[in-house]
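Let's take a walk through this structure together, from the place where the chains meet to the empty spaces and a few details of the backbone. Have the coordinates open as you read.

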Amino acid sequence: MRPTKLSTLACAAMLAAVPLAACGSSGSNSSSSAHPTLTYWASNQGTSLQDDQQVLAPQIAKFTKQTGIKVKVQVIPWTTLLNQITAATVSGKGPDVLNIGNTWSASLQATGAFLPFTSSVMNQIGGSSRFLAGSLSATGAVGKPPTAVPLYSTAYGLYYNKAEFAAAGISGPPVTWAEFVADAKKLTKNGHYGLTLEAGQIPENVHLAFELSQQQGGSFFDSAGKPTFDTPQNVAAIKQMIDFMQADKIANPGDAQYSKGTEALTDYATGKAAMVFWQTASGSLAKLGMKASNIGVAPLPLPSPMPSGGKKVTSMVAGINIAIMKDSKNLSAAEKFVKFMTSTPEQESLNHTYGSLPTVQAAYSDPAFNTPAVHTFRSILSTTAAPMPAVAAESQFETAVGTAIIHLYSSAATGKTVTSSMIGQALSQAQQQLGG
Amino acid sequence: MVDTIRVKQGVTASAPSSPPKRRWWRRGSLPYVLLIPAILLELLIHIIPMLAGVGISFLQLTLFYLRNWRAAPFAGFSNYAVAVNFSSATGQALLHSFTVTIIYTLIVLAGAWLFGMAAAVLTQRAFRGRGAVRTLFLIPYALPVFASVITWNFMLQRDTGMVNQLLMSLHLVGSRPFWLIGQDSFWSLVIVQLWRTWPFAFLILTAGLQSIPADLYEAASLDGAGILGQVRHVTLPLIRPVNRVLLLVLFLWTFNDFSVPFTLFGSAPPSQADIISIHIYENSFVSWNFGTGSAMSVLLLLFLLLVTLVYLALGRRGARHA
């Protein structure tokens with residue numbers, strides 16, 4: 001009996017250990033019929049997942065009324081969206097239509113799981129000339145048919161609280177980083193901070209690192225697409241970010257735990273901090289109860305003087321694309337849905353609600369997009385925005401570097417001094433994760 | 001083996017009187033036929049995914065091959081070489097995570113057993129409200145993992161959490177400590193996991209204690225043994241078989257647990273609490289490098305198998321000597 005018991009327990013041990021090795025998830029895949037049901041994964045654009053459901057529901061109802069096609073909407077938070085898409089890619093089962101961060105386009109294109117928007121597919125949805133050229137530039141690798149089409153367009157801006165600026169005797173938004181830190185220090189007192197950061201979140205960290213690195217003349221990939229993470233310029237950019245919390249003390253150390261993608265914005269909207277770097281947020285700020293007259297937007301500051309090779313970049317080309325899974329059993333219904341979502345009335349309505357910018361030219365005739373904030377963001381997009389690296393390893397870069405920055409912020413928040421050499425080491429470790 | 005021989009004899013003995021095939025079908029294979037569904041499910045749920053995992057560990061499975069992973073190039077042992085090259089960042093991180101996990105598992109194991117044993121002994125004798133106390137003790141184990149751990153996550157927040165609120169109002173700390181990042185995150189994880197695990201030890205040990213005849217305790221107390229003496233000389237020796245299985249199961253569960261650390265910290269856990277299951281998950285899903293992730297899983301499997309075999313072999317020798 002002994003050996004049997006032994007081997008049984010040993011088997012149990014093996015079984016307990018293994019599920020890690022092979023797991024995956026399956027989504028739903030509706031069967032094709034005259035009136036199919038599409039599954040749509042929407043990204044979190046509003047103040048909460050429920051908010052997105054409420055915003056999308058009437059539009060979806062309109063679509064169902066027009067076409068007879070039902071759509072099941074699932075709003076996926078940013079923290080798990082890329083993961084879920086990955087799982088859907090592996091299993092070949094997932095939604096029919098989905099939103100992707102536009103910076104992931106080249107990575108997701110490389111998996112081959114998405115329907116390429118060849119010219120014939122483009123014609124089905126109304127032609128590529130309807131879209132803004134800038135938005136269309138972040139839809140995949142150069143020279144290949146786009147893997148998605150732009151849905152919402154945004155850019156980073158420096159949001160500042162006009163009332164708090166006036167009360168502190170500051171006349172306008174800072175233009176240089178030196179001015180920015182000086183202003184933020186003036187605004188930091190009694191548990192109120194000059195700046196708030198979503199420092200525990202991967203995308204926010206990596207986007208800011210990219211922008212500051214561009215200003216330093218740095219780059220995370222060389223022209224051959226090889227990762228170059230631990231350059232002095234990239235180290236300097238990340239040191240600048242960490243120092244907001246560590247040396248300048250203008251950001252709350254508690255920000256290191258902000259990871260949901262909404263907490264820093266909420267702090268800004270509710271008057272706990274005077275400034276935040278954020279993508280177009282007027283819709284969310286209104287919902288969070290911030291008075292429109294207090295909201296000021298300006299481009300991110302620049303170094304003065306500019307470092308040699310530094311670029312005047314204040315934002316990445318940000319945005320959300322909409323894509324179709326190649327394995328969808330309802331391709332023609334999916335194309336109709338994409339056509340609907342990128343149609344001029346939908347672009348006007350959805351972008352107005354979310355406070356983002358339309359990706360089709362025709363929508364700008366709507367007076368809703370004739371506001372100072374929209375003008376600021378359009379000017380940022382057309383003059384000082386640069387696209388994130390369009391390489392297949394982009395999503396891995398975001399995760400590896402974003403996670404490294406989270407850990408650096410954690411160290412700074414818990415009282416360790418983060419030095420340039422620590423940052424360099426963290427970056428070379430992140431680079432190793434990419435096998436580079 | 002004995003069963004099989006008996007079955008075969010039965011078949012030969014009854015063969016001449018009726019068509020052998022039919023009798024054979026009726027008698028001999030019935031147990032095996034009944035086992036088929038279980039074996040099929042076992043293959044489907046455990047064995048095949050496990051072998052697939054082992055297979056993937058020999059592939060260079062990155063995002064380019066996700067959709068058609070059969071086309072991924074063969075990598076030989078290179079994934080293993082990356083994982084165990086402790087002078088590289090990946091290997092170092094794995095070793096660090098492994099060390100953290102071992103320390104964490106041992107602390108949780110010892111704590112869960114101690115709490116479970118103490119509570120089981122204390123509730124062994126009947127008293128008013130014993131049922132209610134036992135139920136209360138089992139609550140952490142009965143709650144869904146996500147619901148209970150996310151509550152811990154809220155309680156351990158730095159600026160809004162109840163723990164810091166309490167510490168501040170009692171003036172026990174000068175400034176709000178971080179519980180979910182930095183060095184304290186390790187202890188947060190240990191406490192939450194201990195809180196979740198000890199009721200299981202309590203449950204199993206309570207069951208074990210109930211099988212000990214009461215007259216043994218009477219005899220011990222007549223011989224002058226106090227409560228501690230009784231525990232030492234009667235309880236512990238008699239529940240040794242229960243303990244053997246309990247400690248092994250607790251070790252494997254804690255070592256492998258994914259839900260608690262993931263719910264507590266998310267996909268980017270602080271390095272002080274970088275538990276190996278999440279580490280492997282990060283290497284597979286977050287970095288999209290399933291080959292390395294699977295190689296790490298297989299190494300983990302081999303390690304746990306080794307621990308289990310050594311543990312059981314030692315236990316067997318101990319039992320023989322006793």
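A good place to begin is the contact between the two chains, to which chain B contributes 48 residues and chain A contributes 46 residues. Please keep in mind throughout that this is a predicted model. Put together, chain B and chain A bury about 4,500 Å² between them, and 65% of that area is on carbon and sulfur atoms.

What holds charge against charge here? The count of salt bridges between chain B and chain A is 0. Polar contacts do turn up across the interface of chain B and chain A, where 5 residue pairs qualify, with both partners at pLDDT 80 or more.

Now turn to chain B and look at the side that touches chain A. At least two residues each come from α3 (30-56), α5 (89-122), α12 (240-256), α14 (276-286) and α15 (290-321) of chain B. Which of these elements gives the most? That is α15(B), with 13 residues on the side of chain B that touches chain A. Sorted by class, that side of chain B has 27 nonpolar, 14 polar and 7 charged residues.

Next come the open spaces. Rolling a probe the size of a water molecule over the atoms shows where empty space is left. The largest pocket holds about 1,300 Å³ of space. Its lining is made of 47 residues, and those nearest the centre of the pocket are Thr79(A), Ser259(A), Phe265(B), Gly266(B) and Ser267(B).

Several helices take part in this lining with at least two residues each: α3 (78-91), α9 and α16 (394-413) of chain A, along with α7 (145-155), α13 (259-265) and α14 of chain B. Among the contributors to the lining of the largest pocket, α3(A) gives the most, with 6 residues. By class, the lining of the largest pocket has 25 nonpolar, 19 polar and 3 charged residues.

There are closed spaces to visit as well. How many cavities of 30 Å³ or more are there? The count comes to 2, and the largest cavity has a volume of about 110 Å³. It is lined by 14 residues, of which Leu197(A), Glu198(A), Glu204(A), Leu208(A) and Phe277(A) are the closest to its centre. Both α9 (202-215) and β7 (273-279) of chain A supply at least two residues of the lining of the largest cavity, and α9(A) provides the largest share, 4 residues. By class, the lining of the largest cavity has 9 nonpolar, 2 polar and 3 charged residues.

Back to charged pairs: over all chains, the structure holds 5 salt bridges. One to look up joins the side chains of Lys62(A) and Glu346(A), with 2.9 Å from N to O. This pair links distant parts of the chain, 284 residues apart, since Lys62(A) is in helix α2 (residues 49-67) of chain A and Glu346(A) is in helix α14 (residues 344-354) of chain A.

We can finish with the backbone. Most residues other than glycine have a negative phi, and most peptide bonds are trans. Where does chain A depart from this? The peptide bond from Ser304(A) to Pro305(A) is cis, with omega near -5°. You will find Pro305(A) in the loop between β8 (295-298) and β9 (315-316) of chain A. Asn190(A), in turn, has a positive phi of about 50° although it is not a glycine. Asn190(A) sits in the loop between α8 (177-187) and β6 (193-196) of chain A.

Key. Residues are numbered from 1 along each chain as its sequence is written. Chains are lettered from A and ligands numbered from 1 in the order in which they are written. This is a predicted model: local features need pLDDT of at least 70, side-chain atom pairs count only at pLDDT 80 or more; totals for chains, interfaces and linings use all residues. Side-chain values use heavy atoms; hydrogens and water are left out. Contact means heavy atoms within 4.5 Å. Buried area is the accessible area (1.4 Å probe) that two parts lose on being put together, summed over both. A salt bridge is a side-chain nitrogen of Lys or Arg within 4 Å of a carboxyl oxygen of Asp or Glu. A polar contact is a pair of N or O atoms within 3.5 Å; within protein, one must be able to donate a hydrogen and the other to accept it, and residues adjacent in sequence count only if both atoms are side-chain atoms. Ala, Val, Leu, Ile, Met, Phe, Trp, Tyr, Cys and Pro count as nonpolar, Asp, Glu, Lys and Arg as charged, and the others, Gly among them, as polar. On a 1 Å grid over the protein atoms alone, a cavity is a set of points where a 1.4 Å probe fits but cannot get out, and a pocket is an open set with protein on both sides within 12 Å along at least five of seven lines; lining residues have an atom within 4 Å of a point. Grid points are joined across faces, edges and corners, and a volume is the space filled by probe spheres set on the points.
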